[in-house]
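Please look over this structure and its sequence. The report below goes through it part by part.

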Amino acid sequence: MAAVAQLNVAVNAGLRKGILVAADSRRVQRFVRSHGMRLGAARFVAGETLEDCIPVLRRLNEQGLWANTTLLGEGVLEPEHTDTVVAAYRELIERIGAEELRANVALKLTHLGLEIDEELAYRNLHRLVELGSFIRIDMEQSQFVDATLRIYRRLREDGFDNLGTVLQSYLYRTPDDLEALLPLEPNLRLVKGAYLEPASVAHPNKSDVDDAYTRLLERMLDAAGHTAVATHDERLIEHTIGYADERGIDRSRFEFQMLYGVRPQLQLDLVGRGYKVLVATPYGPEWYPYLMRRLDERPANLAFFLKNTIRG
């Protein structure tokens with residue numbers, strides 16, 4: 001059994017290395033961008049345009065699911081380009097309202113100019129939260145965590161409650177970040193973490209990441225605020241349900257969040273059991289890096305993509 005486990009680890013490591021090489025290959029990028037939607041990327045991405053995305057959000061609502069959506073993209077390096085991003089998010093937020101969809105927006109601060117200037121990202125996000133809809137600030141690589149939390153705090157201090165953010169269990173610093181945020185009664189999404197980080201800042205072993213996730217989850221549920229439990233791990237999902245039931249934690253204080261195209265039957269099963277499930281449903285022309293992260297997180301997804309590639 002130990003030998004089989006070691007073989008699985010080695011195979012997954014090899015697959016992840018191959019995926020990362022593909023992510024950086026211009027030839028692969030050109031092929032996937034040209035044919036990827038037809039070959040299977042549409043399983044994970046709700047199209048390249050807002051017009052593609054809206055029917056997907058509506059269909060999820062009709063199934064009893066909630067949704068959030070993201071205009072894919074990050075790392076904007078020209079200040080004027082952020083105006084285009086803000087305008088696109090404004091259109092998205094207004095369209096969600098007009099369509100009366102049970103959906104909200106998640107966004108990355110590097111898409112709003114964080115790598116250029118923290119103040120620019122703050123101003124751009126301020127323009128969007130003023131619209132009144134709930135916005136989730138996604139968490140990115142470890143070097144952006146401090147700035148992301150500073151901007152979140154500033155906007156909460158400005159009086160905006162329609163705002164949440166994300167914590168990543170694989171970072172050593174996250175328990176301290178959580179304790180510092182709890183007085184705000186925050187709306188937090190808990191994830192394991194999707195970026196490659198050095199062992200100096202993040203747990204290198206999956207078991208340690210899972211253990212950290214469980215400890216953080218319990219602390220969030222015990223404290224005030226709202227917890228978005230973002231995982232496809234049924235063990236963690238059942239632990240959440242059992243922990244909440246034992247302590248009389250109302251179901252309105254937490255929800256489950258999953259990715260579009262990943263474990264859709266599990267999503268519907270949880271809805272059938274009376275739990276709120278929100279599906280992260282991104283769209284946009286810059287979908288290639290997002291797809292690579294989904295394949296890197298769960299190399300089994302690669303089999304689906306390759307099967308469609310061969311059929312194509």
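## A buried phenylalanine

F256 is found in strand β7. The model is predicted. F256 has 0% relative accessibility, so it counts as buried. Its contacts, leaving aside neighbours within four places in sequence, are V229, I237, T240, I241, L270, Y275, K276, V277 and L278.

One of these contacts is T240. F256 and T240 are 16 residues apart in sequence. In space, their C-alpha atoms are 9.4 Å apart.

## Helix α9 on the strands

Helix α9 covers residues 234–247. It lies across β6 (226–230) and β7 (254–259). Its direction runs at about 175° to that of β7.

## The chain as a whole

The protein chain has 12 helices and eight strands. It counts 312 residues, and 50% of them are buried.

Now take the contacts with a sequence separation of 6 or more. Of these, 73% are between residues 24 or more positions apart.

## The barrel

How do the eight strands close, and in what order? They form a barrel in the order β1-β2-β3-β4-β5-β6-β7-β8. The pairing is parallel. From one strand to the next, the twist averages 30°.

Helix α7 (residues 174–181) packs on the sheet. It touches β4 (163–168) and β5 (187–191). The direction of α7 makes about 155° with that of β4.

## Strand β2 and its partners

Strand β1 (residues 66–69) pairs with β2 in the parallel sense, over three bridges. T69 has V105 as its bridge partner in β2.

On to the next pair. Strand β2 (residues 103–107) and strand β3 (residues 135–137) also pair in the parallel sense, over three bridges. Here the bridge partner of V105 in β3 is I135. V105 is thus a bridge partner of T69 and of I135.

Is β2 enclosed or open? Five of its five residues are buried, so β2 is largely enclosed by the rest of the structure. Both of its faces are covered. On one side, A103, V105 and L107 are buried. On the other side, N104 and A106 are buried.

## Helices α5 and α6

Helix α5 spans residues 118–129. The axes of α5 and α6 come within 10 Å and cross at roughly 45°. That angle makes α5 oblique to α6. The crossing is right-handed.

Which residues meet here? From α5 come E118, E119, A121, Y122, L125, H126 and V129. From α6 come A147, R150, I151, R154 and L155. The residues of this contact divide into seven nonpolar, one polar and four charged.

## Helices α6 and α7

Helix α6 spans residues 145–157. The axes of α6 and α7 come within 12 Å and cross at roughly 10°. Angles under 35 degrees count as roughly parallel. The two helices are therefore roughly parallel to each other.

In α6, the contact is made by V145, L149, Y152 and R153. In α7, it is made by D177, A180 and L181. Five residues of this contact are nonpolar, none is polar and two are charged.

## A buried aspartate

D177 has its place in helix α7. Is D177 buried or exposed? The cut-off for buried is under 20% relative accessible area. D177 has 11% relative accessibility, so it counts as buried.

Leaving aside neighbours within four places in sequence, D177 is in contact with V145, L149 and L167. V145 and L149 belong to the α6 side of the contact with α7. L167 lies within the range of β4 (163–168), the strand that α7 touches.

## Helices α7 and α8

Helix α8 spans residues 206–222. It packs with α7 at an angle of about 5°. The axes are 11 Å apart. That makes α7 roughly parallel to α8.

The α7 side of the contact is made by T174, P175, L178 and E179. The α8 side is made by L216, R219 and M220. The residues divide into four nonpolar, one polar and two charged.

Notes:
Residues are numbered from 1 along each chain as its sequence is written. This is a predicted model: local features need pLDDT of at least 70, side-chain atom pairs count only at pLDDT 80 or more; totals for chains, interfaces and linings use all residues. Side-chain values use heavy atoms; hydrogens and water are left out. Two strands pair if DSSP finds at least two bridges between them. Helices (H or I, at least four residues) and strands (E, at least two) are DSSP runs, numbered from the N terminus. Axes are lines fitted to C-alpha atoms, for helices over the stretch in contact, and angles run from 0 to 180 degrees between N-to-C directions. Contact means heavy atoms within 4.5 Å. Angles under 35 degrees count as roughly parallel, over 145 as roughly antiparallel, 65 to 115 as roughly perpendicular and the rest as oblique. Ala, Val, Leu, Ile, Met, Phe, Trp, Tyr, Cys and Pro count as nonpolar, Asp, Glu, Lys and Arg as charged, and the others, Gly among them, as polar. A crossing is left-handed if the near helix is turned anticlockwise from the far one by less than a right angle, and right-handed if clockwise. Buried means under 20% relative accessible area, exposed over 50%, partly exposed in between (1.4 Å probe, protein chains only).
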